[in-house]
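Me: I should be grateful for a close look at a single part of this structure. Please describe that part in detail and then place it within the whole.

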Amino acid sequence: MHADPTANEQPASLTHLNDADLLALLHQPDQRRAAFEVLFTRHYAAVWRVLYHLCASPDEAEDLLQETFLTLYQHPPQLHHAHALVGWLCRVALNHGYNRMRGQRRRQQREAQSYADPTSYTATLPDPATVVLRREEREQVRRALLRLPERQSRILLLRYGGLHYAEIAATLEIAPSSVGTLLARAERAFLAQYRPLAEAGLEPSAEPAAKDTTPRRSLI
Amino acid sequence: MKPCPDTGTLRAYLDHEGDPATQQAVAAHLEQCATCRAAATALAAQAVQIAVLLPAAPAPPHDLVLRQMRTIIAHDLEPEQVRTPTRRTAPMNRSFAPMRRIAAAAVALLMLTGLLLLPPVQALADQLLQIFRVQQVLFVPISDERIAELKNLEFEQDALFISPPEVTNNPADPAPVADAAAAAALAGYAVREPTSFPANVTETELFVTDRTEFAFQVNADGMRELLTVLNITDVTVPETLGASPITGRMQPTVLATYTGDEFSMTLAQGRSPELSLPDGVDLQQLGMIMLRVLGMEPNQARALAATIDWNSTLLFPFPADIQNLQQVTVNGTPGLLVTADGETSPRAYHLYWQDGDSFFMLHTEGLIMRDTVLGLAASVR
């Protein structure tokens, strides 16, 4: 089946409303579902693009996407700007995503500790020629992202996910005028992490996690 | 010439961001300043490289993701709930009450019957499982064909037992206790609790089940018949297996239910059942029978049976190609996650795992994600 919004019975009466109006309808029982679906349809692709490179697999991205919109559905935010919702959604999505990554990283560290000699672990990996190159590259990109301070990887995910500076600023709760500076710094740091990885190929990630500077939010 | 713009301003300029006046000023400056031109070129090169590495990902089809989303929130969208906004969470919490009891009963039952999920397999094999003192779980995949085969046999469970499993003591009803310390005092072992929850917990209930003793006597002839029907000829049922009753003892199990806004979870924890076997019964032989009944090839079953410490291993059969069963890891030990996709509860999970001779079963209901379930389990200390 093709993506066809009309196939999903979206009430045309709501699709012209802006995000703020739709958010208000989330508190009205008889309109809640319809309003939610319009918001989902409007924003899911943007959230997906922001999440995608953080995730090890599309399945993971899909889980996080659902988690994000479930949060919207359960706890709709009070937003004062008509265009602030994308930022809010991306922030929730990345919070969910980083919480998950932290869990995975702790697991990986535990597992890595059991390998006394890291080179022997590397030696057990399949012949690089048999590994799908694209997947390997994607994993290296992800690894480089996760080695950055969270603030830096977040801004990269947001920018390359297609958000404008104003939306990035809203998501990260920073001044719009500082986006360019932070972005340039994050880009430089990312390439510095990525290049050695790309040259060395995959290796076990046993190094300590980048310091977590953002407050944790509870995950439901 | 005006002072050089900072890196951030240059970067924003490349993205056509910033106010128009600044954009024009930067453009004018770049025409005159070779240093800034070089800096802007370097920034642009950097951005292009990253754009290649972080390409915009095509989103999944709209109808697909919307359908999934609807399923997830479906039970929160019941018309009667939608019509009573002020009590949006109340009906849900109410509906948890019977669910909770059923869950607790199901959990206890599952533990007693060897955690088998499939009725036909259960009918054939669950009592065999009791014979093994549980310390490890071995997950044995069963193919669809084998499940169908076992189902089609319609083998009478009675034929397998001279006396079917029965509770022989008179266990008291589960006793409510105030907290984990009280539960531990009653159960006789340290009681663990989750240290994280999906949301605020508004109600906690703790119960300790009574010690349960049970007994059954295997019909060795019936078991042989079953093997014959299944065309398994390479294992023999030991004569002594059915000679005397097998007795077992289940230590108290602690059931803790945590209820909060739109979720409910029950953690059951206990110790492996202890069983007394008739003299002369070879556990390895029984394990082999089990593996063969589940459809494993003779050589594979023999090799596996020989390598397993049957004194401490529970066989856990699961359908190989079913999607709602998934092997997971909880604090470094293997576990099994079962997703229940019922119509009334689109998101219910059962997660089983072990730690030493303790076993745990976490059941969740409500708006809890799969990964959250794993996180909750990992937080049990």
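The request concerns the hairpin formed by S13(B) and S14(B), and the reply sets this part beside the rest of the two chains.

Reply: The model is a predicted one, and the description below should be read on that footing. It begins with the strands, passes to the contact between the chains, and ends with chain A.

The hairpin of chain B consists of strand S13, residues 348–355, and strand S14, residues 358–366. The two strands run antiparallel to each other and are joined by 8 bridges. The turn between S13(B) and S14(B) holds 2 residues, and Gly356(B) in that turn adopts a positive phi of about 65°. Two cross-strand pairs illustrate the register. Trp353(B) faces Phe360(B) of S14(B), while His350(B) lies opposite His363(B) of that strand.

Both strands are mostly covered. In S13(B), 6 of the 8 residues are buried; in S14(B), the count is 7 of 9. Ala348(B), which belongs to S13 of chain B, shows how the assignment is made. This residue counts as buried because it has 20 C-beta neighbours inside 10 Å, and the cut-off for a buried residue is 20 or more. The C-alpha atom of Ala348(B) is also 9.8 Å from that of Val373(B), although the two residues are 25 positions apart in sequence.

S14(B) has a further partner besides S13(B). Strand S8 of chain B, residues 263–271, pairs with S14(B) in the antiparallel sense, here over 9 bridges. Within this pairing, Gly270(B) of chain B has Phe359(B) in S14(B) as its bridge partner. S14(B) is thus paired with S13(B) and with S8(B). As a general point on such elements, the side chains of a regular strand alternate between the two faces of the sheet.

The hairpin is part of a chain with both kinds of secondary structure: chain B contains 13 helices and 14 strands. Of the 381 residues in chain B, 36% are buried. Among the contacts of chain B with a separation of 6 or more, 73% link residues 24 or more positions apart.

Chain B also touches chain A, with 43 residues of chain B in contact with 50 residues of chain A. On the side of chain B that touches chain A, the elements giving two or more residues are helices H1 (7–14), H3 (34–53), H4 (62–73), H5 (79–83) and H13 (370–378) of chain B. The greatest contribution to this side comes from H4(B), with 8 residues. By residue type, this side of chain B comprises 24 nonpolar, 10 polar and 9 charged residues.

The partner chain is built otherwise. Chain A has 10 helices and 0 strands. Buried residues account for 39% of its 220 residues. In chain A, 72% of the contacts with a separation of 6 or more are between residues 24 or more positions apart.

Two helices of chain A merit particular mention. Helix H3 of chain A, residues 32–52, has 21 residues, which at 1.5 Å a residue should span 30 Å; the C-alpha atoms at its ends are 28 Å apart, in agreement with that expectation. H3(A) nevertheless bends by about 45° at His43(A). Since 15 of the 21 residues of H3(A) are buried, this helix is largely enclosed by the rest of the structure. H8(A) is likewise largely enclosed by the rest of the structure, because 9 of its 11 residues are buried. Among the buried residues of H8(A) are Arg154(A), Leu157(A) and Tyr160(A). Just after H8(A), Gly162(A) takes a positive phi of about 105°.

Confidence in chain A varies along its length. The mean pLDDT of chain A is 75, with 70% of its residues at 70 or more. Within chain A, the highest mean, 94, belongs to helix H8 (residues 150–160), and the lowest, 29, to helix H6 (residues 118–124). Residues 1–8 of chain A have a pLDDT below 50, and this stretch makes 13 contacts in the model beyond near neighbours in sequence. Residues 202–220 of chain A also stay under 50, and the model gives them 37 contacts beyond four places in sequence.

Conventions. Residues are numbered from 1 along each chain as its sequence is written. Chains are lettered from A and ligands numbered from 1 in the order in which they are written. This is a predicted model: local features need pLDDT of at least 70, side-chain atom pairs count only at pLDDT 80 or more; totals for chains, interfaces and linings use all residues. Two residues are in contact if their C-beta atoms, placed from the backbone, lie within 7 Å. Helices (H or I, at least four residues) and strands (E, at least two) are DSSP runs, numbered from the N terminus. Ala, Val, Leu, Ile, Met, Phe, Trp, Tyr, Cys and Pro count as nonpolar, Asp, Glu, Lys and Arg as charged, and the others, Gly among them, as polar. A residue is buried if 20 or more other C-beta atoms lie within 10 Å of its own, exposed if 12 or fewer, and partly exposed in between; C-beta atoms are placed from the backbone. Two strands pair if DSSP finds at least two bridges between them. pLDDT is the predictor's confidence in each residue, from 0 to 100. The expected span of a helix is 1.5 Å times one less than its number of residues. The bend at a residue is the angle between axes fitted to the seven residues ending there and the seven starting there.
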